[in-house]
Amino acid sequence: MGTYLARAVPWPLLLAVSGLVLLVVRVLQLDPWTLWPLQGVAVGLVAGGVGWCLDETCADVVDTLPRPLAWRTLARLAGVGLVLAGWSLAVWWARDGLFGHARAVWWQGVAAALIALAAVTWARAVGHPTPGRVWAVTIVPGVTVWSVVRPAADRLPLLPYADGRWEASVVLWTALAGSALAVLVLGLLDARWWPAHWRAGDHRGSTRGIRRRGRAPA
């Protein structure tokens, strides 16, 4: 696992993401009332970094090997842990400037990481080799816009302002994290009952397509 972990995980990228998260939260701490949207930007960076960590750039080769998707995903959790360690450090560092919501803010990042893990793992399981890049370039600007505009803030308090509905936000993020966990488990099961049209290509995402065509894994 150590060799795969060293070669498959984009460590420089994850270190850069962790450092950027620390920087963004540090800037937020300078003037929380004015710069509060940066809190949502940091959550988006966490989700984007976790998603990118799961890409398999050599999928055409790796997906033919005996190691299942679950094993490879487990190996990459070290990279996910690096991003979450940076996030946890950032929240702890800025805890006095988070208006008493440090735990809720921290949970947003953890839940966002779990959602990213589930979404990208599912995409990997159905045949996409590098869905994390698309996920990252979509989710980071999307969450940034959401954190600034805050649509339907009363009904959907995903990223509430400092004096917003934080209790409802925690409940909402918990529900999303629970749903993501279920999706993640289904993805890691490498389920054979998925309809064929759900897969982008039987030769990618897992070894089940190879087995079905009667070819032995390398």
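Helices here are DSSP runs of at least four residues, numbered from the N terminus. The model shown in every figure is predicted.

**Figure 1. The whole chain is built from helices.** The protein chain holds 10 helices and zero strands. Read along the sequence, its pattern is α-α-α-α-α-α-α-α-α-α. The chain has 218 residues, and 46% of them count as buried. Contacts often span long stretches of sequence: among those between residues at least 6 apart, 74% join residues at least 24 apart.

**Figure 2. Confidence varies along the chain.** The protein chain averages a pLDDT of 82. Of its residues, 78% score at least 70. Helix 4, residues 37-53, has the highest mean pLDDT among the elements, at 95. Helix 10, residues 208-212, has the lowest, at 38. Over residues 196-218, pLDDT stays under 50. For that stretch the model has 51 contacts beyond four places in sequence.

**Figure 3. Close-up of the largest pocket.** The space in this pocket comes to about 230 Å³. Its lining consists of 14 residues. Nearest the centre lie Val-43, Ile-139, Val-143, Leu-158 and Trp-173. Four helices each supply at least two lining residues: helix 4, helix 7 (102-125), helix 8 (131-149) and helix 9 (166-188). Helix 8 gives the largest share, with five residues. By class, the lining has 12 nonpolar residues and two polar ones. It has no charged residues.

**Figure 4. Close-up of the second largest cavity.** A search of the whole structure finds two cavities of 30 Å³ or more. The second largest has a volume of about 30 Å³. Its lining is made up of Val-25, Leu-28, Gln-39, Trp-87, Val-91, Leu-98 and Val-105. Helix 2 (11-30) and helix 6 (69-93) are the elements that give two or more residues to this lining. Six of the lining residues are nonpolar and one is polar. None is charged.

**Figure 5. Close-up of Ser-169.** Ser-169 sits in helix 9. Its relative accessibility is 1%, so Ser-169 counts as buried. The cut-off for buried is under 20% relative accessible area. The side chain of Ser-169 reaches the backbone oxygen of Pro-157 at 3.0 Å. Pro-157 is also one of the contacts of Ser-169 beyond four places in sequence. The others are Gln-108, Leu-158 and Pro-160. Leu-158 appears in Figure 3 too, among the residues nearest the centre of the largest pocket.

**Figure 6. Close-up of Leu-114.** Leu-114 belongs to helix 7. With a relative accessible area of 21%, Leu-114 is partly exposed. Why is Leu-114 partly exposed and not buried? Buried requires a relative accessible area under 20%, and exposed requires one over 50%. The 21% of Leu-114 therefore makes it partly exposed. Beyond four places in sequence, Leu-114 touches Ala-177, Ala-180, Leu-181 and Leu-184. Leu-114 and Leu-176 are 62 residues apart in sequence. In space, the two are 9.0 Å apart, C-alpha to C-alpha.

Definitions and conventions
Residues are numbered from 1 along each chain as its sequence is written. This is a predicted model: local features need pLDDT of at least 70, side-chain atom pairs count only at pLDDT 80 or more; totals for chains, interfaces and linings use all residues. Side-chain values use heavy atoms; hydrogens and water are left out. pLDDT is the predictor's confidence in each residue, from 0 to 100. Contact means heavy atoms within 4.5 Å. On a 1 Å grid over the protein atoms alone, a cavity is a set of points where a 1.4 Å probe fits but cannot get out, and a pocket is an open set with protein on both sides within 12 Å along at least five of seven lines; lining residues have an atom within 4 Å of a point. Grid points are joined across faces, edges and corners, and a volume is the space filled by probe spheres set on the points. Ala, Val, Leu, Ile, Met, Phe, Trp, Tyr, Cys and Pro count as nonpolar, Asp, Glu, Lys and Arg as charged, and the others, Gly among them, as polar. Buried means under 20% relative accessible area, exposed over 50%, partly exposed in between (1.4 Å probe, protein chains only). A polar contact is a pair of N or O atoms within 3.5 Å; within protein, one must be able to donate a hydrogen and the other to accept it, and residues adjacent in sequence count only if both atoms are side-chain atoms.
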